[in-house]
Amino acid sequence: MKKMSWFNLTSLTLGFAFLYIPMIILVIFSFNGGRNVAIWGGFSTKWYGELFHDEKFLDAAWVTLRVAFATATLSTVLGTITAYVLVRGGKFYGRTLFSGMTYAPLVMPDVILGLSLLLLFKAMFNQMGMLTIVLAHTTFAMCYVSVVVSSRLLTFDQSLEEAASDLGASAFDTFINVTLPNIAPAVISGWLLAFTLSLDDLVIASFTTGPGATTLPIEIFSEVRRGVKPQINALSTIMIAIVTVGVLIFSFSSKRRTLKRIADEQQAN
Amino acid sequence: MRFSQTLESAYASKADLVLAALLAVAGIALIWLNQADGSHFTGGLLIAFAVFVTAYRINRRLAVIAVPYLWLLVFFLVPFIIVVKISLSDPAIAIPPYTPTLELSEGWTGLKSFFGDLDFENFEFLASDPLYYTAYLSSAKIAIISTAITLLVAFPIAYGMAKASEEWRPTLMMLVILPFWTSFLIRVYAWMGILGREGFLNSFLLWLGIIDDPLTMLNTNFAVYVGIVYTYLPFMILPIYATLEKLDVSLLEAAEDLGCTRTQGFWLVTLPLSMPGIIAGCFLVFIPVLGEFVIPSLLGGSDTLMIGKILYEEFFSNRDWPVASAVAVILLLILVVPIVLFQRNQQKQAEADQ
Amino acid sequence: MAELSKTPVVFAPWNDPNEKPLIQFKNVTKRFGDFTAIDNLTLDIYAKEFFALLGPSGCGKTTLMRMLAGFEMPSEGQILLGGQDIVKVPPNKRPVNMMFQSYALFPHLSVFDNIAFGLRRSDMPKDQIKDRVAEMLRLTRLEKFAKRKPHQISGGQRQRVALARSLAKAPKLLLLDEPLGALDKKLRNDTQFELMDIQEKTGTTFVIVTHDQEEAMTVASRIAVMDNGKLIQVDTPSGIYEEPNSVYVADFIGDVNIIEGNAKVVDGGIEIHYAEGAAPIHAKTDKHITDGQRVSYAIRPEKIAVTSEPMADRANHAHGTILDIGYLGHLSSYFVTLGNGQKVEASMTNSRRLSRRDFTWEDNVWLSWTDTAGVVLTE
């Protein structure tokens, strides 16, 4: 193994400390028994108890999960089609506009997206709610899905699709039975990404929400605007834990698949 | 029978056209009856699906392209046109709170009076009130400075990752991505607990005896900078790491072989070759920070002027839709240049990779 | 070179005027933007042929094959299969299958499912599909690997899966795009004979694209040498090697000495005067040559004998000095400079051990060859 230089080791250590210490502090203080948010008052899980008895957080969590699920599914379908059109669609009228529209939402500030969609929805619907949040979230999440799926499609050997067609498969048959199984990992990553993006979003949801459709970020934001709340620390800890476990499982399983594949290949030759 | 074959046989037997006709009728009926909220939307969706099924028969390729294309036109491009239109209207105490509204029922005269009532009043207002242009300038200043700081913090981390051994790299990469999957709001919120007057950092410094009185850090521009650097750091690290990782070690060896010192090698080889990653990272931070709302409203103070926050307040607190729209239009115009530059940078990189 | 026809009757449908070609290219042109990949090409390929398209990369051979498969449409001209125009038929409706250079095995499907892929897209009943796949597995000796995924088998096995998959639908025509390119040299030689064996057993027409002239010579019944989107010569391997129609073909296939000179018609052949003071080359040719015409004389190194004294029974003799010797194991190449500066390569088989070799560097030797050993070329 190559030895790391002092400089590199220091910059990595400091860098990751900066990235992780704030979250670790947040997690630790969610178990603080005291009322003061910065002074340790003994270990306690009382904030978790309060959190689970607070209807409005539970309601908001349920709304958020439903919105995120619908967004992720819809934007995965649309984003995968977008990627396929961009990578395999060849030339068509307005292609530049199309690819511009798929990249712009990636960097567009949330306030602009939120405001513009709100103005559209006001013209389309009498009342806004979960549906409008899903439509808004899908519009930007599908662009992220498209980026993830495009990069997989670009490295995917096009002769596989040609081979399927050569063996008698129609274009649709080829997409379902050859292309889709091979880009599946990227499609799944895209779904997870869209799910998290929807779960996280505050600004666009605030613009496009309506009565009875308060999402968790909206609820959290209105709580913490005026200061630190121990329940929110507890809630944050739960969310961090879920994400960490999810990412760990995902990366371990993909690492195991890679290792198995390498072993198979060595055995074959 | 396979799923795909089932659909194909439906296609072959023209069952799809029957289905399309039924859906279209149902959609029209929904819109006509208008019984529940969103029935216009559901009806529209059904009709759109019927149109798609029919179009698929005429030209498969175009039908497939049309689905995401139309979605983005309706939900991305059309809203901008509406924003521009409302920015040219006048505020009113009505629903919707602006005039004129387009009355298609009045025909040509309605259209004429509609365009006649549009004007640049809101933009004149923005130009006359120093609040707005100082907010734009201050947003730009904060975005530029924080992008520079993020770059300075991110580069050594990305460099260290690229120099780490092969077996460690995936783990380090995961450690950078993990915060990205964690809620943005929570990451900003974490700093509220640290930077507050009675927060963790002040208690810690008092305990160490470095300070005697707690420092005011929260609700200052300092906190805004910390928050931006912290939350946007992964966006800077990842593109830089991607270019550094691809960098061929033999290039540096060749430079040393030709008489460069290590430091010269870094400045003359590593840095120029990592430029595409640096540029991409800077855009990925600069553009969204310019319109940032959450960080200034949670960590910033009353003197932190950022245009995203102004827009949000103009809309929700003052309910002045036309002015909020005008603010958005100007922000968009400011952003067009960096967004176009960013796309060209990405395209150049994609071509170089092929 | 290997001409392994077991049947006493020579297989040469291209010489039979009553034979109908399976594939006909009629004045086919293919352009990509400004670039002309195929230039007004006309070609007939007959049933049961093993036809090789040979040429350097970019000569248009792959484009020609992809037009047969249906992945490219000709800009002009017709392509007939069994007398019917197939230009507008999409790839999935053509009785033509292709073995891809990358093999293009579906990584998510087992060997069995890969081979069955095409059959499942036809109207063949399920139990027959099973039998057909089993037959293909037997043909390519892959029975043991039916359940494995493509990444769990070796390169040679993958190549056989690709072959089995493309043969499973019993196509009228099988296209092979550099089928052996990914294999190492030893495996490639074995596989060449296996391919010929399978072609003979199944009676399928094979069209192979390759840039490897040895491979084309070994497997093909006829070879088309291509350059810049045009056919330069279409002939049997021995025809291409022994009677190339141009300097390009002579040079592309194997080693050759090209000597340019002016022709002089004499009794029973021509003389080629190629250098001041050098004896002219005596050559026989069927071509109509006029006095003073500029011609190229192509002669293979193995047709020239290297000896210490001129060989009396040969019509041509030249005296020179050995400049360099290339030892290739089974034969040695001698690079000889003639008195007039012309460099000539001659090769002799090493039937004796190296230590007893006759000649070494700077030796003066005689080169001798007959008047029918070389070919007179006018283009």
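## Worked exercises on chains B and C

Strand S3 (residues 50-54) of chain C is largely enclosed by the rest of the structure, because 5 of its 5 residues are buried. Buried means under 20% relative accessible area, exposed means over 50%, and partly exposed lies in between (1.4 Å probe, protein chains only). Helices (H or I, at least four residues) and strands (E, at least two) are DSSP runs, numbered from the N terminus.

The model is predicted: local features need pLDDT of at least 70, side-chain atom pairs count only at pLDDT 80 or more, and totals for chains, interfaces and linings use all residues. Residues are numbered from 1 along each chain as its sequence is written, chains are lettered from A and ligands numbered from 1 in the order in which they are written, and side-chain values use heavy atoms, with hydrogens and water left out.

**Exercise 1.** Determine which residues cover each face of S3(C), and which strands pair with S3(C).

*Solution.*
Step 1. In a regular strand the side chains alternate between the two faces of the sheet.
Step 2. On one side of S3(C) stand C:Phe50, C:Ala52 and C:Leu54, on the other C:Phe51 and C:Leu53; all are buried, and both faces are thus covered.
Step 3. Two strands pair if DSSP finds at least two bridges between them. S3(C) pairs with strand S8 (residues 205-210) of chain C in the parallel sense over 5 bridges; in S8(C), C:Thr210 is the bridge partner of C:Leu54.
Step 4. Strand S9 (residues 222-227) of chain C also runs parallel to S3(C), joined by 4 bridges. Here C:Ala224 in S9(C) stands opposite C:Leu53.

**Exercise 2.** Establish the strand order and the edge strands of the open sheet of 5 strands in chain C.

*Solution.*
Step 1. Strands of a sheet pair through backbone hydrogen bonds, either parallel or antiparallel.
Step 2. In this sheet the order is S13-S12-S11-S14-S20 and the pairing is antiparallel.
Step 3. Strand S13 (281-283) and strand S20 (375-377) of chain C each pair on one side only and are the edge strands.
Step 4. From one strand to the next the twist averages 40°, where axes are lines fitted to C-alpha atoms, for helices over the stretch in contact, and angles run from 0 to 180 degrees between N-to-C directions.
Step 5. At one edge, strand S12 (residues 269-273) of chain C is joined to S13(C) by 3 bridges, and C:Ile272 stands opposite C:Ile281.

**Exercise 3.** Locate C:Asn40 and C:Arg141, and state the phi and exposure of each.

*Solution.*
Step 1. Most residues other than glycine have a negative phi, and most peptide bonds are trans.
Step 2. C:Asn40, although not a glycine, has a positive phi of about 45°. C:Asn40 belongs to strand S2 (residues 35-45) of chain C and is partly exposed, at a relative accessible area of 48%.
Step 3. C:Arg141 is likewise not a glycine and has a positive phi of about 55°. C:Arg141 sits in the loop between helix H3 (126-139) and helix H4 (155-167) of chain C, and is partly exposed at 46% relative accessibility.

**Exercise 4.** Describe the secondary structure and burial of chain B.

*Solution.*
Step 1. Chain B contains 17 helices and 2 strands.
Step 2. Of its 354 residues, 46% count as buried.
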